[in-house]
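Good morning, and thank you for the time. I shall take the model on the screen element by element, beginning with the helices and ending with the core.

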Amino acid sequence: MKKIIKYVIADILRNKIVLAYTLCLFVFSFSIFNLEDNTSKGLLGLLNIILIIVPLISIIFSAIYVYNSAEFIELLVSQPLLRKQIWISLFSGLTVSLVVAFLLGVAIPVCIYEPTAVGLTILIVGVLLTIIFIAIAMLATLLTRDKAKGIGIVILLWLCFSLLFDGLVLFLEFQFADYPMEKIMIGISMLNPIDLGRILVLLKMDVSALMGYTGAVFKNFFGTSWGFASSILVMLIWIFVPVVISIVRFNKKDM
Amino acid sequence: MICIKNISKQFGKLIVLKEVSASFNACECIALIGPNGSGKTTLIKSVLGMVVPDSGTIFFKGMNIKNDWMYRANIGYMPQIGRYPDNMTIGQVIDMMKDIRRSIAALDEDLFEAFNMKNLLGKRMRTLSGGTRQKVSACLAFLFNPEVLILDEPTAGLDPVSSEILKQKIEKEKQKGKLVIITSHILSELDELATEVVYMQEGVLRFHQSVEQLHEETGEKKLAKAISKIMNNPLEA
C-alpha cells in the first residue's frame, strides 16, 4: 500500500499544480497579514480564503486527478492487490499532497504573524476541509463515469456548500421566523462542512457579530468548548462517510 | 485450474454473459472465439476480478476468487487495449510493476529482449503507437512467469515479425505446462497454438471442444473452416 501511495504522490508532484497551489496560498497569506495592521483582521481575511479557495481547489483537483488516473487504476486492479488498498492509497496520496501543500502555504505565515489558538484553529479547519472535499470528490467521480458530468457535479457541490447553502439557511430563517428554529438550525448547519469550519473558527475568535445565525445558535446551545468538539466530530464524520461509501462502491466497480 | 460456474453479467439492460460455465486446466491452450460483443473480454475480466459478475462463482485452483486477491499473482494478463498512465515512461511502468508484484520467481525477460525494449525505456506512454503499447503489455504479462496467461487479442496491431516472436513465446510457455487463454479473431494463428476451442455467442458459451474433436466432427483441418461449418449448421453444434 505504501508503494502505491508513493507512486500517487510522485505523480501528483510531477504535474506541478500542487506546487503552484502552495505558492499561491503562501503569497495570499503573507500579503493578507501585511495589508492589515491588525493581525486578527488579517486572520479573518485568511479565513475567507480558506473557506472558499481550499475546498474549491481540493474538490476539483481531486476529481480531475481521479479521472485521469483511470488507466493507472485499471492497471492496478488486474494485479495482485486488494481493491480497497488501491482506493485508500489514492485517497491517502491526494490527502498527503494537498494537506502538505496547504500547511506549507498557510502554516508558515500563520506561525509568524498569529501563533495563537485562533491561528491553530484556522489551520485545523483548513486541513479538515481539504480532506473532506477530497473525499467528496472521490465519491462523486466514482458515481459518474462521464468526466465532464463528474466535474460539473463537483463544481455544483462546491457552489452549494459555499454559496447556495447560506441562501437556504437565510430563507428558512425568514420563512419560519415565528417558530423556535434553533435546534433545527444546528442540525442544518451540520449538513455543510464549510459552515462548520466557519463556526469552528469564529467560536474561538469570539466575534459573535460575524458568526452568522447558525454560529450564534451554536454558541448558545453548546457553549464554546462543546461547540468546538461537536463540530470537529461532525467534520470527521464528513470525511468518514464518503470514504466508506466510495470504498464499498469501488469494490463492486467494473473496469 | 480455473473453474467458472454459472456466471451472469448485465451492463444496464444489456446482458453480456448468460449462465456461463467452463473449466480450464494446466497445459491447455484455450482459444476463446466469438463475434464482436459476444462477451469474451467480459468473461476474461471476470476471471481477473476486474468485472464483478452479478451471479455465479469463479474458482482458481479450487479457491473462490470473490474475496481473494493473491491469486492474481499467478496470472499474467495482456489487455486488448493496454492503458497505462500517460506521463510515465515505459521503464517507470515496468519498474512499478516489478515493485508491486515483488515476485520471488525469476523474471522472464525473453520478450523484453526479443522486442528490444531497452531502447524504448525512456519513452513516455502517451507517445507510444498502438503496436508498441501491445509490446509493453506482452512484456508485462510474461515478465513474472505466471502459471496462467490470459491474452486478449495479443497480436492485434503487432507487426508480422513481433507477432511471430510473440506466438513462439506463447508456444514455449504452453510446452512448459502453463494454461494459456487467448482470444483472437485471426483464426489461422490459433491453428498452431490452440488445443481447445471455446466458442461464445451473445453471452452464451456455445461449445467447448478440443481441437482434434472439432477436426473429426467437421472433417476440416483448418479452424476457420471448421468454425464456419459449425456456424452454418447450428443444430449440429
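One definition is needed at the outset: the expected span of a helix is 1.5 Å times one less than its number of residues. Please also bear in mind that this is a predicted model.

Let me apply that rule to helix α2 of chain B. This helix covers residues 90-101, twelve residues in number, and at 1.5 Å a residue it should span 16 Å; the C-alpha atoms at its ends are 17 Å apart, which agrees. Buried in α2(B) are B:I90, B:V93 and B:M96. Viewed down the helix axis, the buried residues of α2(B) fall within an arc of 130°, so they line one face of the helix. What do these buried residues pack against? Their partners are α1 of chain A, residues 2-14, together with α4 of chain B, residues 130-143. Just after α2(B) comes B:R102, which takes a positive phi of about 45°.

I turn now to α1(A), named a moment ago as one of those partners. Its 13 residues reach 18 Å from the first C-alpha to the last, close to the 18 Å expected at 1.5 Å a residue. The buried residues in α1(A) are A:I4, A:I5, A:Y7, A:V8 and A:I12. Seen down the axis of α1(A), they fall within an arc of 160°, so they too line one face of the helix. On the face turned away from that buried side, α1(A) carries the exposed residues A:K2 and A:R14. The buried residues of α1(A) pack against four helices of chain A, namely α2 (17-35), α3 (39-68), α4 and α5 (83-113), and also against α2 of chain B. After α1(A) comes A:K16, with a positive phi near 65°.

Next, the contact between the chains. Chain A contributes 17 residues to the contact and chain B contributes 18. On the chain A side, α1 and α4 (70-77) each supply at least two residues. Which element gives the largest share of that side? It is α4(A), with five residues. By class, the side of chain A that touches chain B has eight nonpolar, two polar and seven charged residues.

Let us move to the sheet of chain B. Four strands form an open sheet in the order β2-β1-β4-β5, with antiparallel pairing. At the edges stand β2 (14-24) and β5 (63-64), each with a single partner strand, so one side of each is left without a neighbour in the sheet. The antiparallel pairing of β4(B) with β5(B) rests on two bridges, and B:F60 has B:M63 in β5(B) as its bridge partner.

Within strand β4 of chain B, residues 55-60, I would single out B:S55. Is B:S55 buried or exposed? It is exposed, with 12 other C-beta atoms within 10 Å. Leaving aside residues up to four places away in sequence, B:S55 touches B:N6, B:I7 and B:S8.

Finally, the core. In soluble globular proteins, nonpolar side chains tend to be buried together. Here the largest nonpolar core has 133 residues, of which B:C139, B:I150 and B:I181 touch the most other members. Helix α6 of chain A, residues 117-143, gives the most to this core, with 16 residues. Residues up to four places away in sequence again excluded, B:I181 touches B:F24, B:I30, B:L32, B:I44, B:I150 and B:L151.

Conventions:
Residues numbered from 1 in each chain as written. Chains lettered and ligands numbered in written order. Predicted model: local features only at pLDDT ≥ 70, side-chain atom pairs only at ≥ 80, totals over all residues. Buried ≥ 20, exposed ≤ 12 C-beta atoms within 10 Å, placed from the backbone. Arc of directions from axis to C-beta. Contact = placed C-beta atoms within 7 Å. Nonpolar A, V, L, I, M, F, W, Y, C, P; charged D, E, K, R; others polar. Pairing = 2+ DSSP bridges. Core = buried A, V, L, I, M, F, W, Y, C linked by C-beta atoms within 7 Å.
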